Amino acid sequence: MTARPDPSAHPAHDQLLVARAAAGDLAEHERVDAQALLDACAACRSLYLDLRSLSASLATDLPVPRRPRDFRLTDADAARLRGSPIDRLVRWLSGPSLGILQPLASAALAIGLALVVINSLPLMGAASGPAPLGVATEGAYTGTGAPPESTSQDGGGPASPGTTPDRLSSPAASPAVGAAAPSQVPSDASGGVVGVAGEESAPPAVGKEQAAPQRQTSPAGPPLGLMAGLGLIVAAALLLTLRAVARGRARR
Amino acid sequence: MDDPALAPDETAPPRPADEAGTAAATSLGSTVELAGPEPRHSQSPAEMARDQALVEAALAGDLDAFNQLVALYQDYCFGLVFRVVRDREAAADAVQEAFFSAYRNLARFRGQAFRSWLSRIAINAATDILRARKRRPVDPYPEWEDDTWQPPAREEDDPEREVTRRARGRVLTEALARVTEDQRTAILLYDVEGYDYQEIAEITAVSLGTVKSRIHRGRLALREILSDQLELFRD
C-alpha cells in the first residue's frame, strides 16, 4: 500500500521518478508510486506536463543548422584514405574479420607453453643426471667399504681400496664418472662397461651403468615437441602484438 | 526521519517553474494519465537495406556509392555535431573527419543501421573537438540573424504558430548549451534524433542506466533553466 504523498512537500518529492514517468520509462510497480505522486502534488503534475512539452518541442521546434559545405569525397581524398598496402594491412589486422584471432592465438600460446614444459622435463632430467651418478657411484664404494669386483674381461684384480675413492671423486680422472666421454669407454650390448685392455682395471661403475642409457636416449638437439611449442608461442605472440599495434594505430 | 537536517525544507520558497506550473497543472485538473514509452523513430528496414547495398558497392571500390551515403547523411551529421560542439567551423571539420573515418573503416561496418554507426563516429569526432578545446570556451551560438540556421523541415501554415515555434527553438537551443555535454548529447540523440536507449548506449559507449540518467536529469536541468519561459511551451 503506497502512502499518499504530502502535496505540501514537493521539494522532497522524487523528481527523477516524475522525469522517468514523463519519458514512459517506469516499471509497473513504479507507475503506482508515480501516479500517486501526480494525483497528490500539483507541482509534480506540472513538472510532468512541462517535461512532456519540452520533449515534444525538442523533437519538432529546434532549428536546423545550415551545412556550410559539401562533405562528399573527391578521388584524391579516396586515394589518400585508402593508403599504402601497409596501411591496408594494418586496417585488415585491426578489423573485426580477425576477431577470432585473439582466442586462437591465446589457445596456441597455451598449447605452446604446455609443449615446452612437457618436452623440457627429459632435458632437465638429463641435465641433472651427473649429480645422481656421482652420488650413486660414491655410495657404491663407501657403502660397502671395499670396491666390488671388477667386471673387466682381462682378469685384472681388484683395485686398491686406497686409490679408488680418489679416482672416483675426480670426474676428470675416472672414465667411470666422467660423463663427458662415453664414447671412449667400450660397452657391451647391454650397456655394461667393458674394461679396456692394458688399462688399470677400473672398479665397476654402478652409477655409470645406470646413467649410460639415459644419455643414449637423450637426443642430440631439442626435441621436436619443444621446437613446435616454441614456434607456437612465438607465432601467437607475434600475431597478438601485431593486432594490438594495428588496433592502436587504427584508433589514432 | 527525525534528523531535522534530513527533513525536506518546506519553508523554502517555491521556484518559479513550480509556482507557475502548479497553477497550470491545477487549471488542467487534478489528474494526469501516465503515458507509455515514447515512440522512437529508428531507420526503416528499407533504408537499412539501401544503406547496406551502398556500403557493399563502396567496399567494392565505387566511390560514388559512398558519396551517395554522404549525400544522404551529411545534413543529419552536421546538425548533430554542430549542436554538440556549438561551433560552425569546428563542426564542419569534425563531420568531414567523420566521413573520412567512415570511408577508411567501412570494412568494419557490420550490417547494423548505418546512421547509428555513422553517428557514433561523428559523436567521437565531436567529443575529440570538445576535449581539445576544454580550455578555450566558445560563444554559445552564432547570431540568430545570420545564415547559420534554417527553420525546421516542417513549415507552419499559421504565422502565429510559426513565431511560437521559432521562439521555442531559440530558447531551447540556448538552454541546451547550458546543460552538461553528456546530457546534451543524450537529449539530442533521444529527443531530437529519435534513437532508443540501447542505440544511444552503443553510440556513446556508456551503459543503458547512464543513458537514462543523462536524459532524465538533462530534461530536469532544461526545465530548470527555462523556468522563466515555460509558458512558451504550455499550450
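A residue counts as buried when its relative accessible area is under 20%. By this cut-off Ala98(B), with a relative accessible area of 1%, is buried. The structure described here is a predicted model, and the sections below treat the two chains in turn before turning to individual features of chain B.

In chain A, ten helices and one strand make up the secondary structure. The order of these elements along the sequence is α-α-α-β-α-α-α-α-α-α-α, so that the strand follows the third helix in the pattern. Chain A contains 252 residues, of which 36% are buried. Its accessible surface is about 13,900 Å², and carbon and sulfur atoms contribute 63% of that area. Where contacts in chain A link residues at least 6 apart in sequence, 70% of them join residues at least 24 apart.

One position in chain A illustrates how residues distant in sequence can be placed in space. Pro103(A) belongs to helix α6, which spans residues 101-127 of chain A. With a relative accessibility of 47%, Pro103(A) is classed as partly exposed, because that category covers values between 20% and 50%. Along the chain, 137 residues separate Pro103(A) from Leu240(A), yet the C-alpha atoms of the two residues are 9.7 Å apart.

Chain B consists of nine helices and one strand, arranged along the sequence as α-α-α-α-α-β-α-α-α-α. Of its 235 residues, 48% are buried. The accessible surface of chain B amounts to about 12,000 Å², with 51% belonging to carbon and sulfur atoms. Among contacts in chain B with a separation of 6 or more, 66% are between residues 24 or more positions apart.

Within chain B, helix α3 (residues 63-85) packs against helix α7 (residues 181-192). The angle between the two helices is about 145°, and their axes lie 9 Å apart. The crossing of α3(B) and α7(B) is right-handed. On the α3(B) side, the contact involves Leu80(B), Arg83(B) and Val84(B). On the α7(B) side, the partners are Arg184(B), Thr185(B), Leu188(B), Leu189(B) and Val192(B). By character, the residues of this contact comprise five nonpolar, one polar and two charged. The two charged residues are Arg83(B) and Arg184(B), because arginine is counted as charged. The polar residue is Thr185(B), since threonine is in neither the nonpolar nor the charged group.

Helix α3 of chain B also carries an aromatic pair. Over all chains, the whole structure contains nine aromatic pairs. One of them is formed by Phe78(B) and Phe82(B), whose ring centres are 5.7 Å apart and whose planes meet at 10°. This pair is classed as stacked because the angle between its planes is under 30 degrees. The two residues are four positions apart in helix α3 of chain B, which corresponds to about one turn of the helix. Phe78(B) and Phe82(B) are both buried. They also take part in an aromatic cluster that includes Phe99(B) and, from chain A, Phe71(A). The cluster thus contains residues of both chains.

Two residues of chain B were noted for their backbone geometry. Most residues other than glycine have a negative phi. Arg86(B), although not a glycine, has a positive phi of about 60°. This residue is located in the loop between α3 and α4 (88-104) of chain B. Its relative accessibility is 16%, and Arg86(B) is therefore buried. Ala205(B), likewise a residue other than glycine, has a positive phi near 55°. The loop between α8 (197-204) and α9 (208-225) of chain B holds Ala205(B). In contrast to the buried Arg86(B), Ala205(B) is exposed, because its relative accessible area of 53% is over 50%.

The buried residue introduced at the outset, Ala98(B), lies in helix α4 of chain B. Leaving aside residues up to four places away in sequence, Ala98(B) touches Ile121(B) and Ala122(B). Ser119(B) is 21 residues from Ala98(B) in sequence, and the C-alpha atoms of these two residues are 8.8 Å apart in space.

Technical notes: Residues numbered from 1 in each chain as written. Chains lettered and ligands numbered in written order. Predicted model: local features only at pLDDT ≥ 70, side-chain atom pairs only at ≥ 80, totals over all residues. Heavy atoms only, no water. Buried < 20%, exposed > 50% of the residue type's maximum accessible area, 1.4 Å probe, protein only. Contact = heavy atoms within 4.5 Å. Areas by Shrake-Rupley, 256 points an atom, 1.4 Å probe, with all protein chains shown as cover. Axes fitted to C-alpha atoms, helices over the stretch in contact; angles between N-to-C directions. Left-handed = near helix turned anticlockwise from the far one by under 90°. Phe/Tyr/Trp six-rings, centres within 6.5 Å; stacked < 30°, edge-to-face > 60°.
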